[in-house]
Amino acid sequence: MAWTEKVLRVNLTTGLCQSEPLNMEWVQQYLGQRGLASKYLLEEIDPACDALSSENKLIMATGPLTGTMAATGGRYSVITKSPLTHTIACSNSGGFIGAEIKNAGWDMVIFEGRAEKPVYLYLENDQAQLLDAADLWGKSAWETDELIHKKHQDPLLRIACVGRSAEKGCLYSAIINDLHRAAGRSGVGTVMASKNLKAVAVRGTKGVGNIKDFPAFMQTTQEAKAVLAADGVTGEGLPAYGTQVLMNVINEIGAMPTRNMREVQFEGAENISAEAMLKLRSSDNKANLTTNAACFGCTIACGRISTVDKGHFSIKNKPEYWGASGGLEYEAAWALGSDIGVDDLDALTYANFICNEDGIDPISFGSTLAAAMELYQMGVISDQDTGGIALKFGSAEALVKMVELTAKGEGFGLELALGSKRFCEKYGHPDLSMTVKGQEFPAYDPRAIQGMGLTYATSNRGACHLRSYTVSSEVLGVPEKTDPLETEGKPALVKAFQDVSAAIDSSGLCAFTTFAWTLDNIAPQIDAACQGGWTTDKLLEVGERIWNMERQFNLQAGFTAKDDTLPKRMLTEAAKTGPAKGRVNDLNKMLPEYYQLRGWDEEGEPTAATLARLSL
């Protein structure tokens with residue numbers, strides 16, 4: 001039935017690692033991964049607890065299709081309470097470690113308490129033990145990965161770990177797995193480090209069995225793979241250009257947040273685009289993009305592997321960065337590029353390397369640096385504050401220096417590590433923080449894509465594009481085209497995307513499949529693999545239940561309808577150029593209808609009827 005039906009519970013305080021049965025009743029209601037682990041978290045912690053206290057728990061969870069032959073079946077998620085937002089956090093990652101956890105025989109690993117000294121979990125099939133990590137503390141994620149591999153002499157070991165930024169308390173630190181894949185948002189790495197847990201190293205050789213109807217699963221997964229291969233996005237655009245295919249597209253429609261979202265188009269977008277990554281450099285006749293790459297079981301292969309020009313100032317005397325590593329995806333290219341006004345492709349790529357090396361969310365880092373640059377331009381921050389570094393928009397040198405300081409937790413990097421919300425509050429200008437519920441905006445301006453404004457405002461983990469990627473409909477026309485400048489119909493569109501995304505995030509599959517698949521393609525795969533009669537309608541109900549459960553967590557954590565809003569800039573400062581010129585985001589026109597469609601009252605709380613219908 002695809003689930004292993006086993007949970008590993010690791011008590012970091014006592015050092016005890018115990019196996020327990022998976023709650024199969026909850027499985028039928030929440031499926032796995034995001035949904036199921038969020039249910040465990042809600043049941044086991046007080047949502048109002050301090051995210052960095054021992055009371056918080058951290059859960060690494062797979063979905064039922066993780067580790068199977070389903071296309072993109074390599075996903076896993078990290079679920080906890082966020083120190084950045086204080087909301088529920090669920091950060092999804094690809095690579096190979098999710099499948100390795102499943103191959104070792106586990107559906108999820110629950111970490112509780114706090115270790116007295118740094119440790120890492122070594123997990124080989126049924127054998128789990130906490131080992132001393134004193135020699136790993138203070139090391140980057142890349143160094144940690146190398147040292148653990150050397151210690152165990154197993155090249156097939158899969159490792160997820162935190163870098164120095166998490167140890168130093170950066171509130172948006174990520175958990176890095178397989179060197180350049182990340183559970184990247186909401187500070188899940190910060191929680192991991194707060195528990196003195198440096199790494200999780202996994203070796204699984206059991207394989208994934210328990211498929212309910214193997215011949216049917218073979219057939220439906222093969223049919224689904226053919227759909228991905230035939231689609232223009234998943235079969236052509238993403239393999240060739242990655243998510244960076246969006247850079248010029250979003251810029252042209254005037255939805256490219258630029259210089260802390262003061263502008264909606266970036267004059268240097270072409271220089272940091274997917275097309276620019278393919279151009280040969282005059283210095284060495286090589287392109288920034290070395291190759292594309294795929295996660296476990298993925299037939300799309302949207303990942304980027306890049307190299308930086310060895311003569312570039314960022315790495316000229318740093319041969320350790322001369323090799324190929326994880327390249328720019330669209331969100332990172334935007335955050336490290338247009339949001340701070342930098343169009344130096346090599347500088348962006350190097351900064352991205354550093355984010356991977358030490359586990360920094362590039363979206364939150366870039367957005368926080370953009371706010372700092374605006375404050376510097378206003379004279380609120382001076383060279384004395386920054387340690388003599390001129391934080392000017394467009395300065396590649398400032399980008400490189402600040403990402404290094406933030407990675408190491410040194411100097412002004414400690415200020416940037418606060419995240420945009422706390423940083424701007426500290427310097428007396430909270431309105432300059434482009435955040436929702438404390439989490440920084442992704443790369444789509446909601447004045448030009450109205451549905452994304454509602455998406456950001458209502459996201460259960462703070463501003464996030466992946467919770468409801470209405471860009472798919474509003475810009476790309478998938479599954480059907482809607483006008484990005486219209487508000488009519490957007491509440492229903494956002495709700496639908498939110499519910500579908502919650503279900504997919506609980507399956508073990510990648511969200512990018514939905515450029516080609518609908519739930520009608522996904523439900524047969526889950527149904528062939530799992531007991532329970534999984535239909536499209538059931539998955540939609542599961543997704544809606546998960547969304548409302550996450551809402552319950554946040555309400556219990558102290559959030560209210562007042563938090564479902566956007567920064568003042570998005571609501572009062574009109575776009576200056578592009579198709580949306582003169583427009584703000586009309587959130588007030590969409591939010592009441594959204595609440596009504598959700599079955600929530602005017603205070604944004606699920607009604608008794610809604611809770612009863614969803615068995616919450």
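**Cores, pockets and a few odd residues in a predicted model**

Q498 is buried, its relative accessible area coming out at 0%. The structure discussed here is a predicted model, and Q498 makes a handy way in. Helix α20, spanning residues 490-504, is where Q498 sits. Setting aside residues up to four places away in sequence, Q498 touches T458, R467, S468, W547, Y594 and R598.

Now for the overall layout. The protein splits into domain 1 (6-203), domain 2 (241-433) and domain 3, the last one assembled from the segments 445-465, 467-504 and 535-613. Between the C-alpha centres of domain 1 and domain 3 there is a distance of 29 Å. To the contact between these two, domain 1 brings 22 residues and domain 3 brings 20 residues.

As for the nonpolar interior, the largest core counts 101 residues, and F365, L391, L399 and Y444 are the ones with the most contacts inside it. Its top contributor is helix α13 (residues 362-378), which puts in nine residues. Take F365: once neighbours within four places in sequence are left out, its contacts are Y172, L336, I360, L399, M402, V403, T406 and L416. Another core, of 48 residues, lies apart from the largest one, and its members include C49, A70, I522 and A523.

I449 is worth a closer look. This residue is found in the loop between β17 (439-440) and α18 (450-458). Its relative accessibility is 0%, and the cut-off for buried is under 20%, so I449 counts as buried. Who surrounds it? Beyond four places in sequence, I449 is in contact with I253, A255, Y444, V471, E474, V475, P484 and N585. One of these, E474, is 25 residues away from I449 in sequence, with the two C-alpha atoms 6.9 Å apart in space. Another, Y444, has already come up as one of the residues with the most contacts inside the largest core.

R461 is a charged residue that nevertheless ends up buried, at a relative accessible area of 4%. The loop between α18 and α19 is its place in the chain. Not counting neighbours within four places in sequence, R461 is in contact with T85, T87, I88, C90, S91, R185, S186, Q439, L466 and R467. R467 also turns up among the residues touched by Q498. M570, on the other hand, is 109 residues from R461 in sequence and 19 Å from it in space, C-alpha to C-alpha.

On to the empty space. The second largest pocket has a volume of about 360 Å³. Its lining is made of 19 residues, with K421, T435, V436, K437 and G438 lying nearest the centre. Both α17 (420-426) and β16 (435-436) supply at least two lining residues each, and α17 gives the most, with three. Sorted by class, this lining holds six nonpolar, six polar and seven charged residues.

Fully enclosed space shows up too: searching the whole structure turns up three cavities of 30 Å³ or more. The largest cavity holds about 40 Å³ of space. K437, R551, N554, L555, F559, T560 and D564 form its lining, which breaks down into two nonpolar, two polar and three charged residues. K437 therefore has a part in two linings, given that it also lies among the residues nearest the centre of the second largest pocket.

Finally, the backbone has a few quirks. From V478 to P479 the peptide bond is cis, with omega near -5°; P479 lies in the loop between α19 (471-474) and α20, the latter being the helix that carries Q498. Two asparagines have positive phi values. N125 has phi near 55° and is found in the loop between β7 (119-124) and β8 (127-132). For N285, phi is about 60°, and its location is the loop between α10 (274-278) and β13 (289-293). Are these two asparagines buried or exposed? N125 is buried, with a relative accessible area of 15%, whereas N285 is exposed, at 54%. The cut-offs make the split plain: N125 counts as buried because its value is under 20%, and N285 counts as exposed because its value is over 50%.

Definitions and conventions: Residues are numbered from 1 along each chain as its sequence is written. This is a predicted model: local features need pLDDT of at least 70, side-chain atom pairs count only at pLDDT 80 or more; totals for chains, interfaces and linings use all residues. Side-chain values use heavy atoms; hydrogens and water are left out. A nonpolar core is a set of buried Ala, Val, Leu, Ile, Met, Phe, Trp, Tyr and Cys residues joined through side-chain atoms within 4.5 Å. Buried means under 20% relative accessible area, exposed over 50%, partly exposed in between (1.4 Å probe, protein chains only). Helices (H or I, at least four residues) and strands (E, at least two) are DSSP runs, numbered from the N terminus. Contact means heavy atoms within 4.5 Å. On a 1 Å grid over the protein atoms alone, a cavity is a set of points where a 1.4 Å probe fits but cannot get out, and a pocket is an open set with protein on both sides within 12 Å along at least five of seven lines; lining residues have an atom within 4 Å of a point. Grid points are joined across faces, edges and corners, and a volume is the space filled by probe spheres set on the points. Domain bounds come from an automatic or database domain assignment.
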